[in-house]
Each structure stands twice: as structure tokens, then as C-alpha cells.
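Here are a few exercises to work through with the structure open beside you. Try each one yourself before reading the solution.

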Amino acid sequence: MKEFSLYILDIAQNSLKAGAKNVKIELDIDHSKDLLTVIVDDDGCGMEEEFLSKVFDPFTTTRKERKVGLGLSLFKELALQCGGDVKIESKKGIGTHVEGTFKISSVDLVPIGDIPSTIISLIISDSDVNISFVLKVDEKIFKFDTVEIKKVLDGVKITEPSVLKWLLEYLTENLKCVMEV
């Protein structure tokens with residue numbers, strides 16, 4: 001994958017498939033520590049210990065339509081190439097926490113990519129799931145939460161085309177402001 005937004009989309013889609021009702025995505029870019037941290041937390045069904053121990057094996061997947069699950073193994077490979085690592089914690093019936101760290105100065109680091117479209121894709125995938133996104137760049141912070149958005153919409157569906165268009169513009173504008181160094 002050529003950008004973090006695609007890794008995040010893949011991991012968050014795993015959360016949706018696991019029945020999560022709440023998915024929290026966090027990107028923390030700390031230039032002083034030369035560190036990018038990507039976190040995806042969910043309250044899905046979680047994983048059994050045995051499955052968790054094999055989760056980075058590309059031939060371990062819950063999918064029935066194909067026997068390969070490359071997302072997490074590629075995410076870990078990228079982290080290792082970038083001088084970081086990936087940790088996964090999961091409890092059956094409670095949820096899963098995926099955390100990847102990457103050295104910003106690594107020549108292998110991929111671009112962040114189109115985070116706004118990733119978030120919109122997740123909202124469209126399952127509008128009942130609450131998506132929370134936090135972007136921290138040094139001292140700047142941007143927070144987005146569909147729970148708050150749904151309150152403001154007061155019954156209007158979050159998947160209405162005009163709402164999705166506005167959300168995409170809102171996310172794009174605010175992420176651009178925070179990403180400016």
C-alpha cells in the first residue's frame with residue numbers, strides 16, 4: 001500500500017467486520033521525537049489468543065472468500081522498515097487495539113494519504129458505527145467524532161450526499177490546517 005490512509009482503512013474495516021460499534025483512529029505526528037504513531041481501537045468481538053498469536057501471518061484471515069489477509073502483515077513490515085513496530089492487544093468480547101510506530105525520518109515512510117476519504121468510506125460502510133478520529137501534529141490537535149456530528153444533524157442521515165460532501169470538505173480543510181508545519 002502506498003499511503004497510511006489505506007492501511008488505516010484496512011485495519012478499521014477489520015474492526016467493522018468484527019462488529020465494532022465504536023472505532024477510534026488516532027494519528028500522532030511528533031517531529032521532536034521523529035515519531036509517527038497510528039492507533040486504531042475498537043469495541044468489536046476481539047480475538048482469541050491463538051488467532052492473535054498468528055495475526056501477522058499473511059495466511060491467517062477470517063475471510064471465507066480468500067485465504068490471505070495481507071493488511072496487518074504489510075503494516076508491520078512497513079513499521080519495521082521505518083524503524084518502528086506494531087503491537088496488537090485484543091480481548092475476546094471486548095475489542096482490539098492496534099498501534100504502529102514509524103520514524104518520520106525514514107526514507108521508507110509512505111505519505112499519510114487521503115484521510116478524509118478514508119473516514120468518509122468508513123461512515124458509508126456502516127453509518128451506525130461511531131467513528132472518532134484524532135490528528136495530533138506536535139502541539140496542534142484536530143478531533144472529529146460522528147457522535148457529535150449526528151447530534152448536530154438532528155435526525156438527518158449522516159450518509160445523505162450533501163452531508164457527506166460537507167464532511168469531506170470539513171475534514172480536508174481542518175486536516176490541512178493541522179498538517180501545516
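**Exercise 1.** How many bridges join β3 to strand β4, and in which sense do the two strands run?

*Solution.* Keep in mind that this is a predicted model. Start with the pairing: β3 (residues 85–91) and β4 (residues 95–103) are joined by seven bridges and run antiparallel. Next, pick out one pair: aspartate 85 has threonine 101 of β4 as its bridge partner. Finally, look at the connection. The two strands form a hairpin with three residues between them, and glycine 93 in the turn has a positive phi of about 85°.

**Exercise 2.** Sort the side chains along strand β3 by face: which are buried and which are not?

*Solution.* Begin with the general pattern: in a regular strand, side chains alternate between the two faces of the sheet. Now apply the pattern to β3. Val86, Ile88 and Ser90 point to one face and are buried. Asp85, Lys87, Glu89 and Lys91 point to the other face and are not buried.

**Exercise 3.** In what order do the six strands form the open sheet, and which are the edge strands?

*Solution.* Reading across the open sheet, the order is β3-β4-β2-β1-β5-β6, with mixed pairing. The edge strands are β3 and β6 (140–145), since each pairs on one side only. From one strand to the next, the twist averages 5°. Further in, β1 (residues 22–30) and β2 pair in the antiparallel sense over eight bridges, and there lysine 24 stands opposite aspartate 41 in β2. Now add a helix: α1 packs on the sheet and touches β1, β2 and β4, its direction making about 20° with that of β2.

**Exercise 4.** Describe how helices α1 and α4 pack: what are the distance and angle between their axes?

*Solution.* The axes of α1 (residues 4–17) and α4 (residues 115–125) come within 9 Å and cross at roughly 20°. Angles under 35 degrees count as roughly parallel, so α1 is roughly parallel to α4. The crossing is right-handed. On the α1 side, the contact is made by Ser5, Ile8, Leu9, Ala12, Gln13 and Leu16; on the α4 side, by Ile115, Thr118, Ser121, Leu122 and Ser125. Sorted by class, this contact has six nonpolar, five polar and no charged residues.

**Exercise 5.** Which residues of helix α3 are buried, and what do they pack against?

*Solution.* In α3 (residues 71–81), the buried residues are Gly71, Leu72, Ser73, Phe75, Leu78 and Ala79. These pack against α1, β2 (35–42), β3 and β4. Just after the helix, glycine 83 takes a positive phi of about 75°.

Conventions: Residues numbered from 1 in each chain as written. Predicted model: local features only at pLDDT ≥ 70, side-chain atom pairs only at ≥ 80, totals over all residues. Heavy atoms only, no water. Axes fitted to C-alpha atoms, helices over the stretch in contact; angles between N-to-C directions. Helix = DSSP H or I, 4+ residues; strand = E, 2+ residues; numbered from the N terminus. Parallel < 35°, antiparallel > 145°, perpendicular 65-115°, else oblique. Left-handed = near helix turned anticlockwise from the far one by under 90°. Contact = heavy atoms within 4.5 Å. Nonpolar A, V, L, I, M, F, W, Y, C, P; charged D, E, K, R; others polar. Buried < 20%, exposed > 50% of the residue type's maximum accessible area, 1.4 Å probe, protein only. Pairing = 2+ DSSP bridges.
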